[in-house]
Amino acid sequence: MAVAFYDLGSESGLKKLDDYLLTRSYITGYQASKDDVTVYAALPKAPSSQYVNVSRWYKHIDALLRISGVSGEGSGVTVQGFAPVTEEAIATPPAADSKAAAEDDDDDVDLFGEETEEEKKAAEERAAAVKASAKKKESGKSSVLLDVKPWDDETDMKKLEEAVRSIQMEGLLWGASKLVPVGYGIKKLQIMLTIVDDLVSVDSLIEEHLTVEPVNEYVQSCDIVAFNKI
């Protein structure tokens, strides 16, 4: 299952990422991959030093992108509002740069010299290209209120809500909920959700996820109570 991250521009999002990286060197697997570059590109700026694990990881990925590029495939990661990176975005530095360096005389190679302005500019352009390739055009969002109805008064409403919230997909964020009496001892679940319009269709969410197995063991039907653009 792909790893998912949300709100990486917020303190809570960075804290969750920092906790995640506490016992990991990379987002997935044991080598740098597209997954690392996707998360790297989703961060609006270099994280502060208070996020020790994120800062350590970010500097490492930034150095790899500047020096050698990243070739690992990864296991898959989703970041709200961002697309996975393309093959071109994580390629090694331009072939022309490597060829030119190889053609230099050995006597001209300064292994301990400082990075030139041209090298700095090229590295910055590569890092910018990674971020540009991963960013999606910002999509509109909507706030939705759903009525989720059980089969009868014997339906376990706690398990019903757990089944509803178990549905996870990119662009979907579950919010607050409450139980509302409807009569004869039956209660319905009212639950808020926020969706990214280009990624999630509420009709499809209901028809393909909320009213099919295994969720329909608890859910009899769903109705849209309110739908508002954010």
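**Helix packing**

For the angles in this entry I take axes as lines fitted to C-alpha atoms, for helices over the stretch in contact, with angles running from 0 to 180 degrees between N-to-C directions. I am working from a predicted model, and I began with helix 1 and helix 3, whose axes lie 7 Å apart and which pack at an angle of about 75 degrees. Since angles of 65 to 115 degrees count as roughly perpendicular, I noted helix 1 and helix 3 as roughly perpendicular to each other. I then listed the residues that meet there, which are L14, L17 and D18 in helix 1 and V52, N53 and V54 in helix 3. Sorted by class, this contact of helix 1 with helix 3 has four nonpolar residues, one polar and one charged.

Next I looked up helix 2 against helix 3, and found that their axes come within 10 Å and cross at roughly 110 degrees. That angle makes helix 2 roughly perpendicular to helix 3. On the helix 2 side I wrote down D36, V37, V39 and Y40, and on the helix 3 side W57, Y58, I61, D62 and L65. The residues of this contact of helix 2 with helix 3 divide into seven nonpolar and two charged, with no polar residue among them.

**Salt bridges**

I searched the whole structure for salt bridges and obtained six; three of them are entered below.

My first entry is the pair D19 and K15, whose side chains meet in a salt bridge with an N to O distance of 3.0 Å. Why can these two residues come together? Both sit in helix 1 (residues 11–20), and because they are four residues apart, D19 and K15 are separated by about one helical turn. I also checked their accessibility, and D19 is partly exposed with a relative accessible area of 43%, while K15, at 43% relative accessibility, likewise counts as partly exposed.

My second entry is K34 with E73, a salt bridge in which the closest N and O atoms are 3.2 Å apart. This pair links distant parts of the chain, with K34 in helix 2 (residues 34–42) and E73 in the loop between helix 3 (52–67) and strand 2 (77–79), 39 residues apart. Is K34 buried or exposed? At 17% relative accessibility, K34 counts as buried, because the cut-off for buried is under 20%.

My third entry is R165 with E161, where the closest N and O atoms of the salt bridge are 2.9 Å apart. Here the two residues are four residues apart in helix 6 (residues 157–165), and so about one helical turn separates R165 from E161. I recorded R165 as partly exposed at 27% relative accessibility, and E161 as partly exposed at 21%.

**Two single residues**

I then turned to G69, which lies in the loop between helix 3 and strand 2. At 12% relative accessibility, G69 counts as buried. I also took the distance to A32, which is 37 residues away along the chain, and found the C-alpha atoms of G69 and A32 separated by 9.4 Å.

Last I looked up S221, whose place is in strand 6 (residues 219–229). Its side chain is joined to that of Q220 by a polar contact of 2.9 Å. Which residues does S221 touch, not counting those up to four places away in sequence? I found D147, V148, K149 and T211.

Key
Residues numbered from 1 in each chain as written. Predicted model: local features only at pLDDT ≥ 70, side-chain atom pairs only at ≥ 80, totals over all residues. Heavy atoms only, no water. Salt bridge = Lys/Arg side-chain N within 4 Å of Asp/Glu carboxyl O. Buried < 20%, exposed > 50% of the residue type's maximum accessible area, 1.4 Å probe, protein only. Parallel < 35°, antiparallel > 145°, perpendicular 65-115°, else oblique. Contact = heavy atoms within 4.5 Å. Nonpolar A, V, L, I, M, F, W, Y, C, P; charged D, E, K, R; others polar. Polar contact = N/O pair within 3.5 Å; in protein donor to acceptor, adjacent residues only side chain to side chain.
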